[in-house]
Amino acid sequence: MAKSRKLRAKTKVKAKSKLAASKPAAKNAVVNGLPKPSTRPWGEAGKALDGVRILDFTHVQSGPTCTQLLAFMGADVIKVERPGVGDITRGQLRDVKGADSLYFTMLNGNKRSITIDSKHPKGKEILERLIKHCDVLVENFAPGALDRMGLTWDYIHKTNPRMIVASVKGFGPGPYEDCKVYENVAQCAGGAASTTGFRDGPPLVTGAQIGDSGTGLHLALGIVGALYQRMRTGRGQRVLTAMQDGVLNLARVKLRDQQRLKHGPLAEYSQHAEGIPFGKAVPRAGNDSGGGQPGWILKCKGWESDPDAYIYFITQAPVWGAICDLIGKTEWKTDPEYATPAARLPRLRHIFSTIEAWTMTKTKFEVMDICNGVDIPVGPILSMKEIAEEPSLRKTGTVVEVDHPTRGKYLTVGNPIKMSDSITEVKRAPLLGEHTDEILKVLRYRNEEIAEIKASGAITAPDKGARAEAA
């Protein structure tokens with residue numbers, strides 16, 4: 001009997017265990033590695049990258065674009081600058097005497113600045129603490145510069161195995177990896193310039209900074225991916241984005257066309273309709289649409305005095321009937337020479353000239369309102385003045401007015417990535433070394449140690465006398 005009772009008791013315990021296993025997880029339990037959904041109101045649960053610290057060794061544009069975007073998302077970005085000098089763009093293209101340039105302020109918002117002489121023993125000590133303290137080091141120095149500073153991958157990884165080291169370089173591994181690269185060089189080496197412009201003119205670079213800012217955006221994505229992977233592996237890694245690679249990624253449709261060209265002419269290019277043969281490489285295509293839907297930039301009312309009174313007009317097949325109605329050519333809907341996309345290709349120049357005769361009777365905004373009412377895709381050519389003054393862009397935080405202590409109010413581009421639970425607050429760029437004391441305290445330096453560091457010259461520019469003596 002006793003054995004039977006013990007057996008029944010064991011059976012009950014097992015049954016309870018199975019039952020417990022089948023029950024839903026407790027309210028506060030982690031499910032699939034994630035905490036339960038926050039009950040805080042949307043936008044008040046912190047920012048996406050809260051708690052992430054970035055050691056920012058970047059300058060000019062590509063690197064600062066990356067780190068500013070991470071700062072917009074809540075990362076604590078600590079910008080390391082040379083005492084007395086700082087990022088070279090602080091003084092480039094300066095429009096307000098004695099104030100940091102817009103070049104600098106528009107790329108370094110939401111960051112903290114510390115000045116460090118990296119060659120000074122105390123400066124090296126501070127850098128070592130920063131490496132231990134931060135999650136990501138971002139740099140866009142010339143090839144080999146970080147190694148010459150003693151900050152090799154092996155040293156950094158030994159000091160902080162969790163550190164992610166992210167770099168922008170001009171070229172990836174290969175014959176040109178040691179070359180310096182700037183914006184327009186990247187556009188040329190990445191294939192964009194050869195396909196930009198009109199076919200009877202020279203290659204052109206674009207006003208969009210696809211080499212610098214475009215590569216910075218790619219690097220930011222790589223960093224976020226590395227941070228996510230670190231949650232699983234516990235270790236950092238190197239992240240490299242080459243400017244040539246970034247430009248090519250943005251120009252991928254032209255690489256698509258290069259492969260299509262092997263199998264025959266590119267029918268959507270206007271030169272095909274005009275009977276002009278193709279060469280061996282993708283040609284410059286003017287304002288032809290790259291998506292297979294014929295498009296062109298057309299004059300609008302006021303074009304004689306306004307250089308931006310133009311609109312991009314696409315003759316999309318599904319709305320061809322609506323286009324014919326608008327421009328007073330209803331017969332084209334059934335005319336075999338115009339009724340189908342294939343039939344229209346040889347006549348695109350005449351078609352766009354006819355549409356332009358209509359657009360020239362209206363402003364670009366009137367054309368946009370009318371065309372959007374019947375689903376015809378068009379886009380007004382907006383000047384930078386119009387963009388700066390556009391109320392909707394101010395409302396969404398795409399264009400933001402910021403107040404600065406030395407230059408006054410200025411406009412900057414806010415976070416282009418809008419997140420419903422990580423609201424961006426755009427803050428001004430820091431003054432040179434503005435947060436040095438603050439950051440040293442975060443690194444657990446005592447007040448007397450900070451005073452000693454200041455006296456040593458590790459974080460301050462040498463005075464004029466010392467510079468003259470050294471010379």
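Biologist: Which residues does isoleucine 223 touch, not counting residues up to four places away in sequence?

Modeller: In this predicted model, isoleucine 223 touches Cys66, Leu70, Val136, Val138, Ala166 and Val239 beyond that sequence window; contact means heavy atoms within 4.5 Å. Residues are numbered from 1 along each chain as its sequence is written. Local features need pLDDT of at least 70, side-chain atom pairs count only at pLDDT 80 or more, totals for chains, interfaces and linings use all residues, and side-chain values use heavy atoms, with hydrogens and water left out.

Biologist: What makes a set of residues a nonpolar core?

Modeller: Its members are buried Ala, Val, Leu, Ile, Met, Phe, Trp, Tyr and Cys residues joined through side-chain atoms within 4.5 Å. The largest such core has 35 residues, of which Ile54, Leu70, Val138, Leu219 and Ile223 touch the most other members.

Biologist: Why is cysteine 371 called buried, and cysteine 188 partly exposed?

Modeller: Buried means under 20% relative accessible area, exposed over 50%, and partly exposed in between (1.4 Å probe, protein chains only). Cysteine 371 has 0% relative accessibility, so this residue counts as buried. Cysteine 188, at 47%, is therefore partly exposed.

Biologist: How do you know that cysteine 188 is in no disulfide?

Modeller: A disulfide is a pair of cysteine sulfur atoms within 2.5 Å. The search of the whole structure finds 0 disulfides. For cysteine 188, the nearest cysteine sulfur, that of cysteine 179, is 14 Å away, so the criterion is not met. Cysteine 371 is likewise in no disulfide, as the nearest cysteine sulfur, that of cysteine 300, is 9.2 Å away.
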